[in-house]
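Work through the exercises below with the model open. Each one sets a task and then gives a solution in steps.

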Amino acid sequence: MSQESTLKPPFFISREEELQLRIAADQLPLSPVITAPTSFDDFARQLMIPNTVMELARKASSIHFSAWETEAIRQSLHAGVLKQILDEKGQKDTSHPPYIRVACTGKGDYDDWVLDQNPHLHVESDQEHKGDYGSPVVLEIWPAGHYSPIHSHGSTTGIVYCLTGQIEVMAYDSLAWDAKKLALITLTPGQCAWLNDQHFAVHKVYCPMPEGNFAATFHVYLNKSELPLLLKSSGTPNTRDIFEFVDENAPHELGQFETYSDLSWKLLRREMSRIAADLM
Ligand SMILES: [Fe+2]
């Protein structure tokens, strides 16, 4: 058996390559991670991170889940609404184990479906569309071992802020199955990865935690037209409405996905409250 065939998803790298990519992440002149600097080196490597990104990170820096919120999400992933959505998504797309996008603004694709299955969660809906896409603020929930395909965030500027658990982010130099891997980072609560059109726009995200755990990440994406002191982009529609990805299945063609979310925050909050009430 060749070494190639023994390499495992999601990153298909050997232990040696993993080590090299983790060292690379610590040596890039521009840090792919925003964290409280603990050394002059950390400070220097974060100095040139764009101010807009630093501002997003600063605004997110106090957000956290309480112990009961974390436990409620764990229970919902085990036997609640989040499990229902995961099962449904996993059947629709078998190319990778699914994660859940929660729209912090607007409506999720599965909102109506979830309400039909769980009438006790009913909330008034004033929207006629199935879901909204392009939310600038998204909560993502990653069960242990689940991962995204390689995808590009185009020309958006954003952050991936780790709220709970542990998440790995592999940065690539381009959007292709065999793209060069630039760096592998692990985020723990309070740490941020960042991206813009110049840096770290293409990545794959993976939850390396043991079975039964999960990670939650908080994402903010700004379009160019929303950035201060920058001209509006022209030409290709590089907004957060559509992101491109590489199919996990051979022949690994490029595709596009409209960034619909699965669930709205108001419905997830209702589910978490229901579980918390049952726990008391
Ligand atoms: Fe992403």
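The exercises go from the whole chain to domains, helix pairs and backbone geometry.

This is a predicted model, in which local features need pLDDT of at least 70 and side-chain atom pairs count only at pLDDT 80 or more, while totals for chains, interfaces and linings use all residues. Residues are numbered from 1 along each chain as its sequence is written.

**Exercise 1. Describe the overall make-up and extent of the protein chain.**

Step 1. Eight helices and 13 strands make up the secondary structure of the protein chain. Helices (H or I, at least four residues) and strands (E, at least two) are DSSP runs, numbered from the N terminus.

Step 2. The radius of gyration is 19 Å, close to the 19 Å from the globule rule for 280 residues, so the protein chain is as compact as a globular protein of that length. The radius is taken over C-alpha atoms, and the rule is 2.2 Å times the number of residues to the power 0.38.

Step 3. Along the principal axes, the C-alpha atoms fill a box of roughly 55 × 50 × 40 Å.

**Exercise 2. Locate the domains and characterise the side of domain 1 that touches domain 2.**

Step 1. The domain assignment gives domain 1 as 1–62 + 140–251 and domain 2 as 65–132 + 260–280; such bounds come from an automatic or database domain assignment.

Step 2. The centres of the two domains, taken over C-alpha atoms, are 24 Å apart.

Step 3. In domain 1, 16 residues are in contact with 15 residues of domain 2, where contact is C-beta atoms, placed from the backbone, within 7 Å.

Step 4. On the domain 1 side, β3 (137–143), β5 (157–164) and β10 (214–222) each give two or more residues. β3 gives the most, with four residues.

Step 5. By class, that side has eight nonpolar, five polar and three charged residues. Ala, Val, Leu, Ile, Met, Phe, Trp, Tyr, Cys and Pro count as nonpolar, Asp, Glu, Lys and Arg as charged, and the others, Gly among them, as polar.

**Exercise 3. Determine how α5 packs with α6 and with α8.**

Step 1. Two packed helices are described by the angle between their axes and the distance between the axes. Axes are lines fitted to C-alpha atoms, for helices over the stretch in contact, and angles run from 0 to 180 degrees between N-to-C directions.

Step 2. The axes of α5 (residues 67–79) and α6 (residues 81–92) cross at roughly 45 degrees and come within 5 Å. The two helices are therefore oblique to each other; under 35 degrees counts as roughly parallel, over 145 as roughly antiparallel, 65 to 115 as roughly perpendicular and the rest as oblique.

Step 3. From α5, Ile 73, Ser 76, Leu 77, His 78 and Ala 79 make the contact with Val 81, Leu 82 and Lys 83 of α6. These residues comprise five nonpolar, two polar and one charged.

Step 4. With α8 (residues 265–279), α5 packs at about 95 degrees, the axes being 9 Å apart. α5 and α8 are therefore roughly perpendicular.

Step 5. Residues in this contact include Trp 68 and Ile 73 of α5 and Met 272 and Ile 275 of α8.

**Exercise 4. Find the unusual backbone geometry.**

Step 1. Most residues other than glycine have a negative phi, and most peptide bonds are trans.

Step 2. Pro 9 to Pro 10 is a cis peptide bond, with omega near 10 degrees. Pro 10 lies in the loop between α1 (3–6) and α2 (15–27).

Step 3. Phe 12 is found in the loop between α1 and α2; although not a glycine, Phe 12 has a positive phi of about 55 degrees.

Step 4. Ala 250 and Pro 251 are joined by a cis peptide bond with omega about 5 degrees.

Key
Two residues are in contact if their C-beta atoms, placed from the backbone, lie within 7 Å.
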